[in-house]
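Open the model in your viewer and set it to a cartoon view, with side chains ready to be switched on. Each stop below tells you what to select and what is there.

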Amino acid sequence: MRLLLAEDDQLLGDGLRAGLRALGFQVDWVRDGVAAERELLNQTYTAAILDLGLPRVDGIDVLQSLRNRGVATPVLVLTARDGVPQRIQALDIGADDYVVKPVDLHELAARLRALVRRSHGQAQDRLSSNGVDLQPASREVWADGEAVKLSSREFSLLHVLMLRPGRVLTREQLENHLYGWGEEVGSNTIEVHVHHLRRKLGSHRIRTVRGVGYAFAASTPAPAPESGPAEAAAELGANTGSMPLSAS
């Protein structure tokens, strides 16, 4: 889950970035409103944490501009402004949650997970599809009831795909979700992670759309019926352009 953190306080920003990374989030950190608006307009983020008291452009103005331009990225406002009018204004403009500083790191992480879950129409934190269960809070995965151990990147990739079952995501979209600024991404990195996931979960659960990208299969295709001798002979004849072989 890739986040944008917009916070001008050096100590708080550094602590939030380190703490959220330790909890499995990818965090890009900007320190003013101009940078926050620019990144949210040009990059793909799962969610954003937005301070209102940002230099250059106030957080309220950033939020208003993003919503006016149709940017739907979920936004959690984290600010020292604790007045009810400020909360009402931010929520009415388009904030998805509003938290007053200071905040417990684990509560912040839980609010972010809930915010992302709601933005994808998920009623529960636990994702379940095609025999796979994924728990974002504990970062655990089960396949057909058996626990599966995944690396941090594998988990993040599976999480992104399971939030959108059946939807094809390009390699670039997946890279944007998994990697933050300054992280080197190899030309076949996503393919390697997909290969490992298929080996651990079963190849039928992650579908390749050639030339486009990957999708988590919401259901397993039914196996083709087995052919009897006569059907197999007829199929052979159709494939070769010859008459079906007769049984001796």
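## Stop 1: a salt bridge between two helices

Select E154, which is buried, with a relative accessible area of 5%. Keep in mind as you look that this is a predicted model. Now add K200, which is partly exposed at a relative accessible area of 28%. E154 and K200 form a salt bridge, and their closest N and O atoms are 2.7 Å apart. The pair links distant parts of the chain, since E154 sits in helix α6 and K200 in helix α8, 46 residues apart. In general, side chains of opposite charge can pair when their charged atoms come close.

## Stop 2: helix α8

Select residues 189-201 to show the whole of α8. This helix has 13 residues and reaches 18 Å from its first C-alpha to its last, close to the 18 Å expected at 1.5 Å a residue. Which residues of α8 are buried? Colour T189, I190, H193, V194, L197 and L201, which are the buried residues of the helix. Turn the view to look down the axis of α8: the buried residues fall within an arc of 130°, so they line one face of the helix.

Next, show what covers these buried residues. The cover includes the helices α6 (152-162) and α7 (171-178). It also includes the strands β8 (140-143), β9 (146-148), β11 (206-209) and β12 (213-216). Just after α8, select G202, which takes a positive phi of about 110°.

## Stop 3: a link from R205 to D144

Move along the chain to R205. Is R205 buried or exposed? At 3% relative accessibility, R205 counts as buried, the cut-off for buried being under 20%. Its partner here is D144, which counts as exposed at 57% relative accessibility, since exposed means over 50%. R205 forms a salt bridge with D144, with the closest N and O atoms 2.9 Å apart. R205 lies in the loop between α8 and β11 and D144 in the loop between β8 and β9, so the pair ties together parts that are 61 residues apart in sequence.

## Stop 4: two hairpins, β7 to β9

Stay with D144 and show the strands around it. D144 belongs to the hairpin of β8 and β9, which has 2 residues between the strands, and takes a positive phi near 55°. β8 and β9 pair in the antiparallel sense over 3 bridges. Select V141 and V148 together: V141 stands opposite V148 in β9.

Now step back along the chain to β7, residues 132-135, which pairs with β8 in the antiparallel sense over 4 bridges. Select D133, whose bridge partner in β8 is W142. The hairpin of β7 and β8 has 4 residues between the strands, and R139 in this hairpin takes a positive phi near 60°.

## Stop 5: an open sheet of 3 strands

Select β10, β11 and β12. What is the order of the strands in this open sheet? The order is β10-β12-β11, with antiparallel pairing. β10 (169-170) and β11 stand at the edges, each with a single partner strand, so one side of each is left without a neighbour in the sheet. β10 and β12 pair over 2 bridges, and the bridge partner of L169 in β12 is Y214. Bring back α6, which lies across β10, β11 and β12 and runs at about 75° to β12.

## Stop 6: more salt bridges

The structure holds 17 salt bridges. In helix α7, select R171 and E175, whose side chains meet in a salt bridge (3.9 Å, N to O). Being 4 residues apart in α7, R171 and E175 are separated by about one helical turn. R171 counts as partly exposed, at 36% relative accessibility. Then select E7, D51 and K101, which are linked in a network of salt bridges.

## Stop 7: the loop with R56

For the last stop, select R56, found in the loop between β3 (47-50) and α3 (59-68). At 66% relative accessibility, R56 counts as exposed. Leaving aside its neighbours within four places in sequence, R56 is in contact with D32 and V34. Draw a C-alpha to C-alpha distance from R56 to D32: these residues are 24 apart in sequence and 6.2 Å apart in space.

Note on methods. Residues are numbered from 1 along each chain as its sequence is written. This is a predicted model: local features need pLDDT of at least 70, side-chain atom pairs count only at pLDDT 80 or more; totals for chains, interfaces and linings use all residues. Side-chain values use heavy atoms; hydrogens and water are left out. The expected span of a helix is 1.5 Å times one less than its number of residues. Buried means under 20% relative accessible area, exposed over 50%, partly exposed in between (1.4 Å probe, protein chains only). The arc is that of the directions from the helix axis to the C-beta atoms. Contact means heavy atoms within 4.5 Å. Two strands pair if DSSP finds at least two bridges between them. Axes are lines fitted to C-alpha atoms, for helices over the stretch in contact, and angles run from 0 to 180 degrees between N-to-C directions. A salt bridge is a side-chain nitrogen of Lys or Arg within 4 Å of a carboxyl oxygen of Asp or Glu.
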